[in-house]
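The following exercises are to be worked with the sequence and the coordinates at hand. Each task is followed by a solution in steps.

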Amino acid sequence: QVQLVESGGGLVQAGGSLRLSCAASGGTFSTYAMGWFRQAPGKEREFVTAINWSGGRTVYGDSVKGRFTISRGNAKNTVYLQMNSLNPEDTAVYYCAASAIIATIQRPDYWGQGTQVTVSS
């Protein structure tokens with residue numbers, strides 16, 4: 001059983017940056033593909049980005065391409081989401097997720113509890 005704990009959320013002004021972290025425990029982190037999703041009030045959960053087990057392959061949702069960067073530190077069992085040029089439309093609860101392979105990241109095996117990101121205009 002893998003446990004995922006997100007951190008780093010908060011309030012930021014439009015144009016600013018935040019870095020989210022997701023610490024994993026209880027499994028072999030380095031074998032999992034990891035992803036980030038987000039859910040804004042009244043909207044469905046949206047795929048943000050994913051990274052394969054080695055970090056050699058990444059995928060981004062269209063709304064964050066060029067602004068967000070996913071990375072991972074397998075020695076620290078942590079995946080990161082660097083978010084730049086934030087705008088109010090990025091306001092959401094951000095969730096970390098783990099999947100056996102990146103091809104199935106849209107149907108993760110594990111979810112974190114989420115961290116709130118609020119971008120003020």
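**Exercise 1**

In which loop does G42 lie? Determine also whether G42 is buried or exposed.

Solution. The model under study is a predicted one. Begin with the position along the chain: G42 belongs to the loop that lies between β4 and β5. Next, consider accessibility: the relative value for G42 is 88%. Exposed residues are those over 50%, so G42 counts as exposed. Finally, relate G42 to R19: the two are 23 residues apart in sequence, and their C-alpha atoms are 24 Å apart in space.

**Exercise 2**

Describe the open sheet that contains β8: state the strand order, the pairing and the edge strands.

Solution. Start with the order, which is β1-β3-β8-β7 for the 4 strands of this open sheet, with antiparallel pairing. The edge strands are β1 (3–7) and β7, each of which pairs on one side only. Neighbouring strands are turned by 15° against each other on average, with direction ignored. Then examine one strand pair: β7 and β8 run antiparallel and are joined by 6 bridges. Among the residues involved, G73 has T78 in β8 as its bridge partner. As background, strands of a sheet pair through backbone hydrogen bonds, in either a parallel or an antiparallel manner.

**Exercise 3**

Locate N77 and S85, and characterise the backbone and the accessibility of each.

Solution. First take N77, which is found in the loop between β7 (68–73) and β8 (78–83). N77 is not a glycine, yet its phi is positive, at about 50°. With a relative accessible area of 28%, N77 is partly exposed. Now take S85, which is placed in the loop between β8 and β9 (92–99). S85 likewise has a positive phi of about 50° without being a glycine. Its relative accessibility is 44%, so S85 counts as partly exposed.

**Exercise 4**

How many aromatic pairs does a search of the whole structure find? Classify the pair formed by F37 and F47.

Solution. The search yields 4 aromatic pairs. For F37 and F47, the ring centres are 5.6 Å apart and the planes stand at 75°. Planes over 60 degrees apart count as edge-to-face, so this pair, at 75°, is edge-to-face. The next step is to place the two residues: F37 lies in strand β4 (residues 33–39) and F47 in strand β5 (residues 46–51), so the contact ties together parts that are 10 residues apart in sequence. Both F37 and F47 are buried. To complete the picture, F37 and F47 form one aromatic cluster together with Y95 and W111.

**Exercise 5**

Which rings have R19 and R45 over them, and at what distances from the ring centres?

Solution. Treat the arginines in turn. R19 lies over the face of Y80, at 4.0 Å from the ring centre. The charged end of R45 is placed over the ring of Y95, 4.1 Å from its centre. Y95 is also a member of the aromatic cluster with F37, F47 and W111.

**Exercise 6**

Where is E89, is E89 buried or exposed, and how far apart are E89 and K43?

Solution. The location comes first: E89 is in the loop between β8 and β9. The relative accessible area of E89 is 62%, so this residue is exposed. As for K43, E89 is 46 residues from it in sequence, while the two are 12 Å apart in space, C-alpha to C-alpha.

Notes
Residues numbered from 1 in each chain as written. Predicted model: local features only at pLDDT ≥ 70, side-chain atom pairs only at ≥ 80, totals over all residues. Heavy atoms only, no water. Buried < 20%, exposed > 50% of the residue type's maximum accessible area, 1.4 Å probe, protein only. Pairing = 2+ DSSP bridges. Axes fitted to C-alpha atoms, helices over the stretch in contact; angles between N-to-C directions. Phe/Tyr/Trp six-rings, centres within 6.5 Å; stacked < 30°, edge-to-face > 60°. Lys NZ or Arg CZ within 6 Å of the ring centre and 35° of its normal.
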